[in-house]
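Work through the exercises below with the sequence and the 3D view open. Each task is followed by a solution in steps.

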Amino acid sequence: MYKPVTVLGLETSCDETAAAVVHLDANGKAHYLTDQIYSQIDEHALYGGVVPEIAARAHVGALDALIKAAMVEANITFDDLTGVAATTGPGLVGGVMVGMMSGKAIALAHNIPFLSINHLEGHALSPMLAQQSGDEPLTFPYLLLLVSGGHTQLLSVEGLGQYTRLGSTIDDAVGEAFDKSAKIMDLGFPGGPALEKAALQGDASRFTLPRPLAGKPGCDFSFAGLKSAVRRTWEEWPQKDDQARADLAATFQLAATDVLAGRTANAMDIFAKTHGARALVVAGGVAANTVLRLRLMDVAKSKGFAFIAPPMSLCTDNGGMIAHAGALYLRAGRKGDDLDISARPRWPLDEHAARAHPASGSGKKGPKS
Ligand code: KG4
Ligand code: ZN
């Protein structure tokens with residue numbers, strides 16, 4: 001039996017403003033009571049990418065009303081909260097500060113613990129939040145492929161706050177490659193979902209694109225060369241019609257998926273040597289991509305791993321994953337964090353690996369343009 005906890009979670013690190021409530025009951029089961037999300041997509045679309053100043057202002061404009069709506073929908077008052085959790089990094093620092101300051105103010109006013117949450121840890125633990133009764137429980141350790149607008153990493157998740165990085169991108173994140181490729185082809189914003197949609201009508205064999213690091217040992221990634229190849233191919237292509245767009249989108253998506261699947265297969269071999277074949281979990285915005293999910297499912301099966309992906313709504317940024325991470329920490333006995341902590345634009349999950357290899361996987365999350 002556990003002590004039940006109810007946590008309000010705030011997420012403001014990029015272009016989604018979110019306030020959610022998660023309750024962990026005495027059996028340890030997570031109840032996702034509400035997630036109020038305001039997507040700023042329309043405010044950034046004109047610029048073809050996230051503009052940090054606009055994002056910060058939009059968070060200020062939206063957050064209070066979302067918190068109020070979350071409390072109403074969860075049918076609780078602030079006095080029912082065991083704690084309040086907010087993303088304090090990594091991310092666009094102006095936005096991060098908005099959620100962090102609101103979280104601290106609520107904690108102070110209602111005399112409850114404030115929990116400073118790493119956005120990446122929110123993603124990393126999100127598949128546990130999504131578990132349905134009847135599902136095989138997801139337990140530590142598991143292998144995590146974290147793929148978002150700012151990150152591409154393979155991590156061994158050994159426990160709350162315990163991560164060992166097996167590999168990460170040495171240049172661009174895969175979400176960034178999706179977004180920039182979409183922009184090159186004028187597919188619209190946000191680029192990842194737009195590119196996936198265009199690729200549905202495309203022939204992935206019409207163009208030839210590279211698979212950086214394919215067939216090499218290790219688990220690091222590289223996407224800069226793939227993105228540049230998309231640019232070159234598109235610039236040189238004479239007939240820039242919708243079919244060419246769809247074909248290049250499909251070719252890019254297949255190349256990116258090949259790279260992710262190949263490096264993940266290497267990571268499974270490394271992980272299995274220490275922990276055995278357990279579960280492969282994919283999280284982060286790019287995990288919403290269906291072609292990638294299906295491919296990873298196949299790779300996991302071939303290596304004897306279970307495959308777990310959160311539902312689409314939990315893949316992209318949300319408040320539930322922050323509330324959930326805060327709730328797990330409270331239940332594990334964390335007392336709450338100092339109210340004088342600062343926002344962290346960079347905050348790697350495996351600080352040791354980040355110090356050893358500062359050039360890669362620094363935990364920085366930048367604008368998604
Ligand atoms: O996790 P997330 O919402 O924000 C960050 O923490 O970065 O991830 C956003 C990223 C963007 O690069 C977006 O284009 C990408 O996830 N994304 C997708 C899809 N949906 C979102 N990429 C490929 N296919 C999708 N369906
Ligand atoms: Zn994210």
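Helices (H or I, at least four residues) and strands (E, at least two) are DSSP runs, numbered from the N terminus. This is a predicted model, in which local features need pLDDT of at least 70 and side-chain atom pairs count only at pLDDT 80 or more, while totals for chains, interfaces and linings use all residues. Residues are numbered from 1 along each chain as its sequence is written, chains are lettered from A and ligands numbered from 1 in the order in which they are written, and side-chain values use heavy atoms, with hydrogens and water left out.

**Exercise 1. Place Ser-222 and Leu-213 in the fold and state their burial.**

Step 1. Ser-222 lies in the loop between α6 and α7. Leu-213 is also in the loop between α6 and α7 (224-236).

Step 2. Buried means under 20% relative accessible area, exposed over 50%, and partly exposed in between (1.4 Å probe, protein chains only). Ser-222 has a relative accessible area of 10%, so it is buried. Leu-213, with 24%, is partly exposed.

Step 3. Ser-222 and Pro-212 are 10 residues apart along the chain, and their C-alpha atoms are separated by 5.9 Å.

**Exercise 2. Find the protein donors of the zinc ion (ligand 2) and describe their spacing.**

Step 1. Donors are N, O and S atoms within 2.8 Å of the metal (3.2 Å for Na, K and Ca); water is not among the atoms, so sites may look incomplete.

Step 2. For the zinc ion (ligand 2), the protein donors are His-119 (NE2), His-123 (NE2) and Asp-317 (OD), at 2.1 to 2.2 Å. Along the chain they follow the spacing H-x3-H-x193-D.

Step 3. His-119, in helix α4, and Asp-317, in the loop between α10 (312-315) and α11 (320-331), are 198 residues apart, and this pair links distant parts of the chain. Both His-119 and Asp-317 are buried.

**Exercise 3. Describe the surroundings of ligand 1.**

Step 1. A residue is near a molecule or strand if one of its heavy atoms lies within 4 Å of it. Ligand 1 is surrounded by 20 residues, and the closest are Gly-149, Asp-179, Gly-192, Glu-196 and Gly-285.

Step 2. Ala, Val, Leu, Ile, Met, Phe, Trp, Tyr, Cys and Pro count as nonpolar, Asp, Glu, Lys and Arg as charged, and the others, Gly among them, as polar. The shell around ligand 1 then holds four nonpolar, 11 polar and five charged residues.

Step 3. At least two shell residues come from each of α4 (119-129), α5 (174-184) and α6 (191-199).

Step 4. Domain bounds come from an automatic or database domain assignment. Ligand 1 lies between domain 1 (5-133 + 314-345) and domain 2 (142-312), because both give residues to its shell.

Step 5. A polar contact is a pair of N or O atoms within 3.5 Å; within protein, one must be able to donate a hydrogen and the other to accept it, and residues adjacent in sequence count only if both atoms are side-chain atoms. An N or O atom in the side chain of His-119 is 3.3 Å from an oxygen atom of ligand 1. Backbone N or O atoms also lie at such distances from a ligand 1 oxygen: 3.4 Å for Val-286 and 3.1 Å for Asp-317.

Step 6. On its own, ligand 1 has 550 Å² of accessible area, and the protein covers 95% of this. Accessible areas come from the Shrake-Rupley method with a 1.4 Å probe; for residues, only the protein chains shown count as cover.

**Exercise 4. Which peptide bonds to Pro-90 and Pro-190 are cis or trans, and where do these prolines lie?**

Step 1. Most residues other than glycine have a negative phi, and most peptide bonds are trans.

Step 2. The bond from Gly-89 to Pro-90 is cis, with omega near -15 degrees. Pro-90 is in the loop between β4 (83-89) and α3 (93-110).

Step 3. From Phe-189 to Pro-190 the bond is cis, with omega near 0 degrees. Pro-190 belongs to the loop between α5 and α6.

**Exercise 5. State the sign of phi at Asn-111 and at Leu-213.**

Step 1. Asn-111 is not a glycine, yet its phi is positive, about 55 degrees. Asn-111 sits in the loop between α3 and β5 (114-118) and is exposed at 72% relative accessibility.

Step 2. Leu-213, also not a glycine, has a positive phi of about 70 degrees.
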